[in-house]
Amino acid sequence: MWRLKVADGGNDPYIYSTNNFVGRQTWEFDPHYGTPEERAEVEAARENFWKNRYKVKPSSDLLWRMQFLREKRFKQTIRQVKVENEEEITYETATTAMRRAAHFFSAMQASDGHWPGENAGPLFLLPPLVMCLYITGHLETVFPGEYRKEMLRFIYCHQNEDGGWGLHVEAHSNMHCTVLNYICLRILGEGPDGGKDNACSRGRKWILDHGGAVSIPTWGKAWLSILGLFDWAGCKSMPPEFWMLPSFLPLRPAKIWCNFRLVYMPMSYLYGKRFVAPISPLILQLREELHTQPYNEINWKKVRHLCAKEDLYFPHLLIQDLVWDSVYIFTEPFLTRWPFNKLREKGLEITMKHIHYEDENSRYINIACVEKVLCMLACWVEDPFGDYFKKHLARLPDFIWIGEDGIKMQTFGSQLWDTSLGLEALLACQITDEIGPTLMAGHDYLNKSQVRDNPSGDFRSMYRHICKGSWTFSDQDQGWQVSDCTAEGLKCCLLLSVMPPEIVGEKIKTERLCDAINVLLSLQSKNGGISGWEPAGTSKWLELLNPSELFEDVFIEQEYVECTASAIDALVLFKKLHPGHRKQEIENFITKAVQYFEDIQRPDGSWYGNWGICFTYATWFALRGLAAAGKTYHDCLAVRKAADFLLKLQLDDGGWGESYLSCLAKDRKLKRYMEKVIISNLTKEKKKVKLSICLVIQKFTPLDGNRSNLAQTAWTLMGLIHSGQAERDPTPLHRAAKLLINSQMEDGAFPQQRNYWSFPEDLYDTLFKL
């Protein structure tokens, strides 16, 4: 039986930590763990997920819930409440529901103070890991039989009815994920016609019916080339010499968004080496299974820009295709021959230097799992028996999560984000006498999770930004600063700093809070918005060079509504408690950030969300930020428009519901043309002409059947409260609260519904309602 382990470094000599593994969450299989009744309960949860896999696609983290509730012997002792049709919601009823949720939520806290949880959902994450371990010969040692069994379960559970796999658990089938998951099934031991419910034959039929594997997008083409199922000549050029470009050029590594940059860093190393794994009998079989014509007859250069329509989210201009072809034609024939191959060798050397730097400064976790697997493979290609590769292997358990739907690979983890929002929710309950130990443990986790130092050495030459004083999305070892995580972590510490230390523990030193302020202030752009990881400001036209067909707005760093709102909230509180520190800079920051909200608000009153779904999520955050800055419904047009937008979307049952399709539904008739615009941070006299990268009209898309979603209802309820709705007309708030109260389950939690987050994390169903 599986069980979750917390803050455990194990016995591997190749793993190390900066804070004794606080925040680490790993799963292990123990054949002797659990009673027959507990094992039967787990099997029942798995069977129930399988039967309902097309209705509710995200998992509910039941294995972890069962373990924690059992180990802590949690039993809900506060009576359940319901609100009848014509009944008014009383203070007592709302308080009772809140206390029940708070007690359940506290029971789900880990021993080191954080809240664990799944941060997965994309279906292109697990297959590259399996491929990498298959290539290196470590698959069976790293993942014994029970692991591989659960991996197969996950792939089966999330195969669509048409036989394919989508970009994420909710998505329509596409070539990228269908090919990768099909290969994964075959590597894990399934035959061409094997797999549960004919998974392989159904998946292969989808692939061949949609043109075969040659129409897989760019990232997929690279992985197939690595496996020997494609040819590097059919890939867009990824020269490792790119990492040698001087800093004065408009296109250089520092200009690219860190998450994208760190994917292409190891990918360019493998491309430059033209690495191809040993061709096994399985690979020869897959060559026949995945392509619609004989492998040796494929014209690889002609399929370089081929992409299945199901995958084509970011169509490319002809000029971009010409750029990539030109790079290939005018560089590759020279860089692979003497004497220019010396330049290629130097490029590979510098690229690997950057890879090792990223590995060491993230304790071999890397910024996320896509980068992790590629960096690990690059280290193996450099030295199959070296310590670099062994250190990578030691950190693989950090990425594995197990639910009733099987083993999935996480992007990494969201421990800090979950914990900071959870603590804010618990503090808002004002029941410190009931949950004091929970608050103290959470405070201790925040204290131990703050990043204490900048990256090593001359970090700016390695394209890194300051991170001292920040908080990451996951744990301290990972080391990558994130603006909204820093803001929420800071806000929690500030709130806890005014509480009695005998209840919540000693407060964090002021100088460390000031370090966090330094990070936040450094990430504001000229337009007033806050970027996520590194300062934005790169020319927008560079987005035209985004080589990915699957993802849009990922080539350069940008500003985010959600990050900006979190920063305002934290800075306002900091200024109140520490008025003597950089007061004028903070006030200027807040003024510019408010202007940013007003400038980018959509005509309908909403904002577009990047880290949740979608207009609902961003509008809640924006209203929160505006309220923190002192803006009200009466003196701010942006607040009035936003409140009106939300009120118009309330459903008959009192809730709100928005589909993930809001993130995708864009009017592309207006795509790509030249227009005259005024750069937002310039005066009217400084008009310029620029290329409109992607002029689109995003559209709010409700859930099918106009159903409500409980988490989105909670977001909207909070947003309207921030707008002052309670003083104007509390009726919409009462209707929403009634839906939440009546949806609460016996144990105080709330049911998992369709995906509403960037990735499914069902503990939020309790957190946001709380």
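Helices and strands are taken here as DSSP runs, of at least four residues for helices and at least two for strands, numbered from the N terminus. In these terms, the place of Y364 in the predicted model is in the loop between α13 and α14 (369-382). Phi of Y364 is near 65°, a positive value in a residue other than glycine, and Y364 counts as buried because its relative accessibility is 1%, where buried means under 20%. A positive phi, near 50°, is also found at R274, likewise a residue other than glycine. R274 lies in the loop between α10 and α11 and, at 26% relative accessibility, counts as partly exposed. A further backbone feature is the cis peptide bond from W338 to P339, with omega near 5°; P339 belongs to the loop between α12 (318-335) and α13.

Turning to the interior, the largest nonpolar core comprises 226 residues, and L129, I183 and L377 are those with the most contacts inside it. When neighbours within four places in sequence are left aside, the contacts of I183 are with M131, L224, L227, L229, L286 and L290. Another core, of six residues, lies apart from the largest one and includes V83, I89, A97 and A737.

Burial was also examined within individual helices. Helix α6 (residues 145-157) has 13 residues, which at 1.5 Å a residue should span 18 Å, and the separation of 18 Å between its end C-alpha atoms agrees with this expectation. Buried positions in α6 are Y147, E150, M151, L152, R153, F154, I155, Y156 and C157. In helix α10, which contains N259, this residue is buried, with a relative accessible area of 13%. Residues up to four places away in sequence not being counted, N259 touches I367, E371 and W533.

At the surface, a nonpolar patch is formed by V276, I279 and L284, which together have about 230 Å² of accessible area. Of these residues, I279 has its place in the loop between α10 (258-273) and α11 (281-290), and I279 counts as partly exposed because its relative accessibility is 40%. The loop between α2 (62-71) and α3 (91-107) holds N85, which is exposed, with a relative accessible area of 67%. N85 and E727 are 642 residues apart along the chain, and their C-alpha atoms are separated by 23 Å.

Charged pairs were considered next. Side chains of opposite charge can pair when their charged atoms come close, and a search of the whole structure finds 40 salt bridges. In one of them, E28 is joined to K5, with the closest N and O atoms 3.4 Å apart. Because E28 lies in strand β2 and K5 in strand β1 (residues 2-6), this pair ties together parts that are 23 residues apart in sequence. Both partners are partly exposed, E28 at 22% relative accessibility and K5 with a relative accessible area of 26%. Strand β2 (residues 25-29) also contains T26, which counts as buried at 7% relative accessibility. Not counting residues up to four places away in sequence, T26 touches R3, L4, K5, P397 and D398.

Two further salt bridges lie within single helices. An α-helix has 3.6 residues a turn, so residues three or four places apart point the same way. In helix α1 (residues 36-51), R46 and E43 are three residues apart, about one turn of the helix, and they form a salt bridge in which the closest N and O atoms are 2.5 Å apart. The partners differ in burial class, since R46 counts as buried at 8% relative accessibility, whereas E43 is partly exposed, with a relative accessible area of 41%. Helix α13 (residues 341-361) contains E349 and K346, also three residues apart, about one turn of the helix, and their side chains meet in a salt bridge with an N to O distance of 3.9 Å. K346 is partly exposed, with a relative accessible area of 38%. Elsewhere, R3, K5, D8, E28 and D30 are joined into one network by salt bridges that share partners.

Note on methods. Residues numbered from 1 in each chain as written. Predicted model: local features only at pLDDT ≥ 70, side-chain atom pairs only at ≥ 80, totals over all residues. Heavy atoms only, no water. Core = buried A, V, L, I, M, F, W, Y, C linked by side-chain atoms within 4.5 Å. Buried < 20%, exposed > 50% of the residue type's maximum accessible area, 1.4 Å probe, protein only. Contact = heavy atoms within 4.5 Å. Patch = residues over 30% accessible without salt bridge, like charges linked within 9 Å, V, L, I, M, F, W, Y side chains within 5 Å. Areas by Shrake-Rupley, 256 points an atom, 1.4 Å probe, with all protein chains shown as cover. Salt bridge = Lys/Arg side-chain N within 4 Å of Asp/Glu carboxyl O. Expected span 1.5 Å × (residues − 1).
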